[in-house]
Amino acid sequence: MALVDGPRRPSTNDAQAWRAPKAVVMVTRPMAPHSDLELSPALDADTDRLGDVLSHAFGFPRDEASLWFERAGIENLRVLKRGGVLRGGLVEIPMGQWFGGRSVTMMGVAGVGVVPEERGRGVAAHMMVSMLREARARGFALSTLYPASVTLYRRAGYERAGARFAISFDPRMLDLPRVPEVTVGEVSGTPEDVVALYGATAPRFPGYIDRGPYVWTRVSKPRGHVTKTFTVSHGGALEGYVVVSHAMGGADTSVLVTDLAATTSRAARAILRLLAEYRSLATVVKWHGGPSDLFTNLLPERHHTVSITDSFMLRIVDVARALSLRGWPRGAGGSLTLEVDDASMPENSGLYAVTLEGGRATVATGRAAAGAPRAKLTERGLAALYAGHAPAHVLADAGWLEADDAARVLLDAWFAGAYPSMRDFF
Ligand SMILES: CC(C)(COP(=O)(O)OP(=O)(O)OC[C@H]1O[C@@H](n2cnc3c(N)ncnc32)[C@H](O)[C@@H]1OP(=O)(O)O)[C@@H](O)C(=O)NCCC(=O)NCCS
């Protein structure tokens with residue numbers, strides 16, 4: 001959304017403007033003191049017990065833990081101990097996330113687990129905040145995860161910030177024409193030009209992952225599936241690719257696409273046609289991404305479904321860094337004072353003077369921007385706003401943001417964009 005009307009004065013027929021700003025609601029329940037719990041990098045000697053704890057926590061076969069840890073990297077495993085005894089753990093996935101066309105350092109988190117006898121006492125919340133402090137010290141601006149429990153992660157300052165959509169169609173139902181001008185071929189592994197093509201297209205989608213090796217492995221070797229990668233070229237230049245797995249289920253089969261991207265319409269249409277070539281047996285073709293995905297837009301007719309499979313939650317780990325690193329709409333400008341109140345990481349609380357120009361932000365901490373509109377918000381309100389998941393008036397009604405009309409207009413212009421989404425799960 002472009003900033004077209006600037007700050008407005010309230011008028012008698014503007015109900016929104018006359019509504020008194022709600023007080024910002026703080027979650028203040030003190031966490032149980034857990035000073036005897038320590039989160040630290042896993043030692044080789046810890047991985048056996050961690051595999052035991054996490055396989056029980058998530059209900060997967062114990063012998064699958066070692067492959068998972070190997071893919072994640074032993075250096076990314078964290079163990080929570082009390083008196084040297086392992087009580088829980090998690091897996092860190094260092095990567096980036098695209099916002100405003102720029103990659104922002106992001107710590108992905110998976111495999112959060114606590115032994116059953118320790119649950120319900122704030123142990124996981126304590127572990128999450130310890131993990132976030134370490135990530136902040138290492139220079140991470142954001143943290144993102146797919147929650148099994150929203151309440152738990154809200155206690156650590158995460159908020160819902162976007163979603164992973166499933167887009168599916170029955171290949172027998174759609175007429176997808178051949179695209180003879182391109183060449184389609186199978187390639188082995190994940191070639192560098194495929195990685196580069198992902199890197200050229202993903203920044204356009206807010207929330208997409210700037211992938212590291214762990215997520216790339218999930219693309220090519222998803223659990224329980226065997227994939228093939230096909231590229232689409234024109235005149236010798238790569239214009240698209242698709243990573244496909246084909247699996248039997250009763251009399252029918254299904255095609256699961258773990259990744260697809262294209263830089264031209266002809267490549268995207270050729271990929272859709274390739275997927276339709278499974279129609280003699282397949283009754284469903286499915287991929288994940290956003291609702292305004294290029295491929296979804298090119299589907300003819302209404303015989304497809306778009307649904308949310310998972311919401312993701314975002315945590316602003318370092319407010320100044322998160323605002324400085326992301327990109328912004330080029331047409332947005334002006335200055336704002338943000339007053340952040342962070343319940344679980346008070347090191348983020350305080351004033352931020354933010355000025356936008358040419359798609360970049362200048363951020364000064366600890367002071368107001370002279371004469372600029374002011375917004376007061378919680379760390380969770382900021383997370384939802386930052387991603388573009390919710391507009392200012394929704395966050396104000398939720399009690400997570402307090403801002404007058406002039407500040408809300410600026411916030412909505414600054415954080416505007418496509419709905420935040422992810423292709424990947426982790
Ligand atoms: C989820 C899990 C890590 C929570 O551990 P825990 O130590 O009991 O969590 P905490 O005591 O720190 O909980 C913090 C808050 O989240 C809430 N919470 C925790 N788990 C919850 C759940 N499954 N559903 C709803 N609320 C939950 C707690 O009630 C508490 O809320 P409160 O502060 O309002 O009292 C633990 O139950 C577990 O290991 N589960 C199996 C693996 C799993 O599901 N991991 C999460 C993957 S994303």
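Let me start with a single residue: E301 counts as exposed, because it has 9 C-beta neighbours inside 10 Å. For that term, the C-beta atoms are placed from the backbone, and a residue is exposed with 12 or fewer others within 10 Å of its own, buried with 20 or more, and partly exposed in between. E301 sits in the loop between α9 (294-298) and β13 (304-316). Its phi is positive, about 65 degrees, although E301 is not a glycine. Most residues other than glycine have a negative phi.

A word on what we are looking at. This is a predicted model, where local features need pLDDT of at least 70 and side-chain atom pairs count only at pLDDT 80 or more, while totals for chains, interfaces and linings use all residues. Residues are numbered from 1 along each chain as its sequence is written.

Now the overall picture. The chain has 13 helices and 18 strands; these are DSSP runs numbered from the N terminus, H or I of at least four residues for helices and E of at least two for strands. The C-alpha trace spans about 60 × 60 × 35 Å along its principal axes. How does the radius of gyration agree with a compact globule? The chain has 23 Å, and a compact globule of 426 residues would be near 22 Å, so the two agree. That radius is taken over C-alpha atoms, and the globule rule is 2.2 Å times the number of residues to the power 0.38. Of the 426 residues, 42% are buried. Among contacts with a separation of 6 or more, 75% are between residues 24 or more positions apart; a contact here means C-beta atoms, placed from the backbone, within 7 Å.

On to the domains, whose bounds come from an automatic or database domain assignment. We have domain 1 (15-27 + 316-414), domain 2 (37-140) and domain 3 (171-302). Domain 1 and domain 2 have C-alpha centres 30 Å apart. Where they touch, nine residues of domain 1 are in contact with 12 residues of domain 2. The domain 1 side of that contact has five nonpolar, two polar and two charged residues. In this scheme Ala, Val, Leu, Ile, Met, Phe, Trp, Tyr, Cys and Pro are nonpolar, Asp, Glu, Lys and Arg are charged, and the others, Gly among them, are polar.

Which residues come nearest to the ligand? They are R119, A124, A125, S149 and L152, out of 19 residues around the ligand, where near means a C-beta atom, placed from the backbone, within 6 Å. By class, this shell has 10 nonpolar, five polar and four charged residues. At least two shell residues come from each of α2 (47-58), β4 (102-114), α4 (123-137) and α5 (150-155).

Next, a run of paired strands; pairing means that DSSP finds at least two bridges. Let's begin with β18 (residues 401-403), which runs antiparallel to β17 with three bridges, L401 being the bridge partner of L377. On β17 (residues 374-378), five bridges lead to β14 (residues 334-341), and this pair is parallel. There, T337 stands opposite R374. From β14, seven bridges join to β15 (residues 350-357) in the antiparallel sense, with G350 as the partner of V340. Finally, β15 and β16 (residues 360-365) are antiparallel over six bridges, and A353 has A364 as its partner. The hairpin of β15 and β16 has two residues between the strands, and G358 takes a positive phi there, near 60 degrees.

Helix α11 (residues 379-387) is mostly covered, with nine of its nine residues buried, including R380 and Y386. After α11 comes G388, with a positive phi near 90 degrees.

Two more residues before I stop. A320 lies in α10 (residues 319-325) and counts as partly exposed because it has 19 C-beta neighbours inside 10 Å. Beyond its neighbours within four places in sequence, A320 is in contact with Y352, V363 and T365. A320 and Y352 are 32 residues apart along the chain, with C-alpha atoms separated by 7.5 Å.

And I308, in strand β13, counts as exposed because it has 12 C-beta neighbours inside 10 Å. Leaving aside neighbours within four places, I308 is in contact with A163 and F165. I308 and I167 are 141 residues apart in sequence, yet their C-alpha atoms are 8.9 Å apart in space. Thanks, everyone!

Notes. Two residues are in contact if their C-beta atoms, placed from the backbone, lie within 7 Å.
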